[in-house]
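I opened a new notebook page for this structure. My plan is to look up strands first, then charged pairs, then backbone angles.

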Amino acid sequence: MTENQSNQNLMLQQIPGFIESLEDRVTWQWDTQFGCLLAEFSVDHEDFIYLKARQSFPFVWDRKSFKNADQFLQHRAGIFSMLEKKQQLLTQDKEGKEELMLSWWPWGHGATISMRIFRANTNPFVPSLSWFDKLKKSLHINT
């Protein structure tokens, strides 16, 4: 078994209820570009699949709402935090503590949707400072 097959199997085992709820409407493959599970399907199945996705990943973020999300969640989303128009990030919690997240990417032509399940970024999190904190630091002000 290759490392990709092993990763795919481990991820599928972490969300069996979601996978089973899709009733074989999607076929999963390994996305080597992003290192995640990938399913592409027709918009004919969108409502059903989206409903099932929301049951397992109840927190939904779009480009606008994700700008106000917790910094830790933004960090954990990694490359998938760069949402474009109509793309969504679905998470199991609001804080980003859970290991798996789901990206929902409608294609530009409107006939196909890509859904990716990926592991959250595990690199150390370093919060960015607010502009006020940066100012205090530059002026060497302790509070």
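**Entry 1: the sheet**

I started with V60 and found it opposite L90 in β4. The model I am reading is predicted. I then looked up how β3 and β4 are joined. They run antiparallel, with 3 bridges between them.

Next I asked which order the strands of the open sheet follow. I read it as β1-β2-β6-β5-β4-β3, which makes 6 strands with antiparallel pairing. The edges are β1 and β3, and β3 covers 59-61. Each of these two strands pairs on one side only. I also noted the turn between neighbouring strands: it averages 30°, with direction ignored.

I then checked what packs on this sheet. Helix α1, residues 3-14, does so. Helix α1 touches β1, β2, β5 and β6. Its direction makes about 95° with that of β6.

**Entry 2: R116**

I moved on to R116, which sits in strand β6, residues 112-119. Is R116 buried or exposed? I wrote down buried, because its relative accessibility is 8% and the cut-off for buried is under 20%.

I listed what R116 touches, apart from neighbours within four places in sequence. Among its contacts are F34, C36, L37, L38 and F80. The list also includes M101, L102, S103 and W105. D31 is on it too, and I followed that one further.

The side chains of R116 and D31 share a polar contact of 2.7 Å. The two residues also form a salt bridge, with the closest N and O atoms 2.7 Å apart. R116 belongs to strand β6 and D31 to strand β1 (residues 29-31), so this pair ties together parts 85 residues apart in sequence. I checked D31 for burial as well. D31 is buried, with a relative accessible area of 7%.

**Entry 3: the other salt bridges**

I reminded myself of the general point that side chains of opposite charge can pair when their charged atoms come close. How many salt bridges does the count give? The count is 3.

One of them joins E99 and R119, whose closest N and O atoms are 2.4 Å apart. This pair links distant parts of the chain, 20 residues apart. E99 lies in the loop between β4 (88-91) and β5 (100-106), while R119 lies in strand β6. I looked up the accessibility of both partners. E99 counts as partly exposed at 35%. R119 is partly exposed too, with a relative accessible area of 29%.

I also found a salt bridge between R25 and E23. Here the closest N and O atoms are 3.6 Å apart. R25 is partly exposed, with a relative accessible area of 34%.

**Entry 4: positive phi**

E23 sent me to the backbone angles. I noted for background that most residues other than glycine have a negative phi. E23 is not a glycine, yet its phi is positive, about 50°. I placed E23 in the loop between α2 (16-21) and β1.

Then I looked at D24. Its phi is also positive, near 60°, and D24 is a residue other than glycine. D24 is located in the loop between α2 and β1. Is D24 buried or exposed? I recorded D24 as exposed, because its relative accessible area is 77% and the cut-off for exposed is over 50%.

Notes: Residues numbered from 1 in each chain as written. Predicted model: local features only at pLDDT ≥ 70, side-chain atom pairs only at ≥ 80, totals over all residues. Heavy atoms only, no water. Helix = DSSP H or I, 4+ residues; strand = E, 2+ residues; numbered from the N terminus. Buried < 20%, exposed > 50% of the residue type's maximum accessible area, 1.4 Å probe, protein only. Polar contact = N/O pair within 3.5 Å; in protein donor to acceptor, adjacent residues only side chain to side chain. Contact = heavy atoms within 4.5 Å. Salt bridge = Lys/Arg side-chain N within 4 Å of Asp/Glu carboxyl O. Pairing = 2+ DSSP bridges. Axes fitted to C-alpha atoms, helices over the stretch in contact; angles between N-to-C directions.
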